[in-house]
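Here is a short set of exercises to work through with the model open in your viewer. Try each task before you read its solution.

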Amino acid sequence: MFDSRNLLSGKRKYLFGLILLSFISVICAAFSMAGNDDFDIARREVLLRGIGHELLLQSGDRTSRVLPVKKIAENEYQISFEHALNFQPTGLVNITNRVLANDPLASDYVVNVLNAGNAGVAYGYAISKNKKDDIVPCRGRKQPKDRYSISIKFKPAGMNTTQKGCLLGGLPVLAFVGFMLFRSVKPRRALPDGEHTDVLALGAAMFDAKNRKLIINGNTIELTGTESRLLLIFALSPNQTIERSRLQKEIWEDEGVIVGRSLDMFISKLRKKLEFDPNINIVVIRGKGYKLEICS
């Protein structure tokens with residue numbers, strides 16, 4: 001009995017540890033995604049400086065600086081220049097497409113070239129992961145020299161949503177798995193000490209609890225699992241009243257099933273199998289339960 005309890009306790013601890021480890025793994029995965037996102041964003045800013053550099057080279061400027069890239073919104077960046085420049089839309093489109101192809105998070109974005117004087121949009125276009133949705137007007141129109149800045153707005157990649165989904169979506173899954181695992185190792189019932197005894201003497205009869213057999217006067221009577229469990233409870237407390245509620249709980253309710261008349265039916269079947277020995281009988285104690293009477 002104690003070994004069985006220790007085994008079940010060990011299984012519970014193992015399963016609890018497994019569930020806890022799984023939960024920690026989900027959290028670590030979510031936060032590692034956040035760390036990877038920070039790296040990708042830093043890498044993106046380097047790529048954006050590369051766009052500014054190539055645009056200056058295209059305009060014939062090899063000496064002036066690309067000013068620090070500014071993050072002006074959650075997914076929007078601005079490239080500024082030290083001096084005025086001119087540009088061709090076709091060249092700008094080709095440069096951004098080629099450079100941002102190295103950014104795994106930049107499948108959809110909008111580019112606007114802003115005039116520094118009135119902050120108006122001098123030129124703009126949109127690139128989509130689905131190329132048929134690209135919007136690229138006026139490629140062939142050369143733009144005049146001016147103090148331009150370039151705004152590039154990326155479509156949100158949903159990193160935060162993914163992280164929250166990992167955490168919030170993983171919790172009910174882990175809870176369900178935990179419930180099913182704990183249920184699978186639930187002890188069938190808690191019987192009194194002494195259940196480990198394989199063969200019990202009941203008057204002139206012998207009760208083999210392990211093999212579910214009753215041997216009376218040389219006759220071997222097979223018992224069902226429920227009959228054997230009932231008789232074991234009686235055999236461990238002979239000539240003592242066993243409350244009906246206790247029998248119901250230990251035989252059925254611990255299994256999640258509540259029965260009423262089924263107990264009476266099994267008691268009746270067990271009585272018939274005990275008829276071979278007139279010194280053994282299960283009697284009803286009205287208002288209380290049952291007693292296994294063994295006459296010496």
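**Exercise 1. Find the salt-bridge partner of D103, and work out what the pair ties together.**

Step 1: Look at the side chains. D103 meets R44 in a salt bridge, at 2.7 Å from N to O. The term stands for a side-chain nitrogen of Lys or Arg within 4 Å of a carboxyl oxygen of Asp or Glu.

Step 2: Place both ends. D103 sits in the loop between α2 (89–100) and β4, and R44 belongs to helix α1 (residues 2–58), so the contact ties together parts that are 59 residues apart in sequence. Helices here are DSSP runs of H or I with at least four residues, strands are E runs of at least two, and both are numbered from the N terminus.

Step 3: Check the burial. D103 and R44 are both buried, where buried means under 20% relative accessible area, exposed over 50%, and partly exposed in between (1.4 Å probe, protein chains only).

A word on the source: this is a predicted model, in which local features need pLDDT of at least 70 and side-chain atom pairs count only at pLDDT 80 or more, while totals for chains, interfaces and linings use all residues. Residues are numbered from 1 along each chain as its sequence is written, and side-chain values use heavy atoms, with hydrogens and water left out.

**Exercise 2. How many salt bridges does the whole structure hold? Describe the ones made by R65 and E227.**

Step 1: Count. The search of the whole structure turns up six.

Step 2: Take R65. Its salt bridge is with E82, and the closest N and O atoms are 3.7 Å apart. This pair also links distant parts of the chain, 17 residues apart: R65 is in the loop between α1 and β1 (70–73), and E82 is in the loop between β2 (76–80) and β3 (85–87). R65 is partly exposed at 47% relative accessibility, and E82 is partly exposed at 29%.

Step 3: Now E227. Its side chain meets that of K273 at 2.7 Å, N to O. Since E227 lies in helix α4 and K273 in helix α6 (residues 261–273), the pair ties together parts that are 46 residues apart in sequence. E227 is buried, with a relative accessible area of 2%, whereas K273 is partly exposed at 22%.

**Exercise 3. Which strand does V113 lie in, and what surrounds this residue?**

Step 1: Locate V113. The residue is part of strand β4 (residues 109–115), and at 1% relative accessibility V113 counts as buried.

Step 2: List the neighbours. Leaving out residues up to four places away in sequence, V113 touches F87, L92, G120, V121, A122, Y123, Y148, S149 and I150; contact means heavy atoms within 4.5 Å.

Step 3: Look across the sheet. β4 pairs with β7 in the antiparallel sense over seven bridges, and V113 stands opposite I150 in β7. Pairing requires that DSSP finds at least two bridges between two strands.

Step 4: Follow β7 (residues 148–154). Six of its seven residues are buried, so this strand is largely enclosed by the rest of the structure. β7 also pairs with β2, again antiparallel, over five bridges, and there E76 stands opposite K153.

**Exercise 4. What is the strand order in the open sheet of three strands, and which helices pack on it?**

Step 1: Read off the order. The sheet runs β12-β14-β13, with antiparallel pairing.

Step 2: Find the edges. β12 (241–243) and β13 (280–285) each have a single partner strand, so one side of each is left without a neighbour in the sheet. Neighbouring strands are turned by 25° against each other on average, direction ignored.

Step 3: Zoom in on one pairing. β12 and β14 (residues 289–294) share three bridges in the antiparallel sense, with K291 of β14 as the bridge partner of T241.

Step 4: Add the helices. Helix α4 (residues 225–235) touches β12, β13 and β14, and its direction makes about 70° with that of β14. Helix α5 (residues 244–251) touches β12 and β14, at about 60° to the direction of β12. For these angles, axes are lines fitted to C-alpha atoms, for helices over the stretch in contact, and the values run from 0 to 180 degrees between N-to-C directions.
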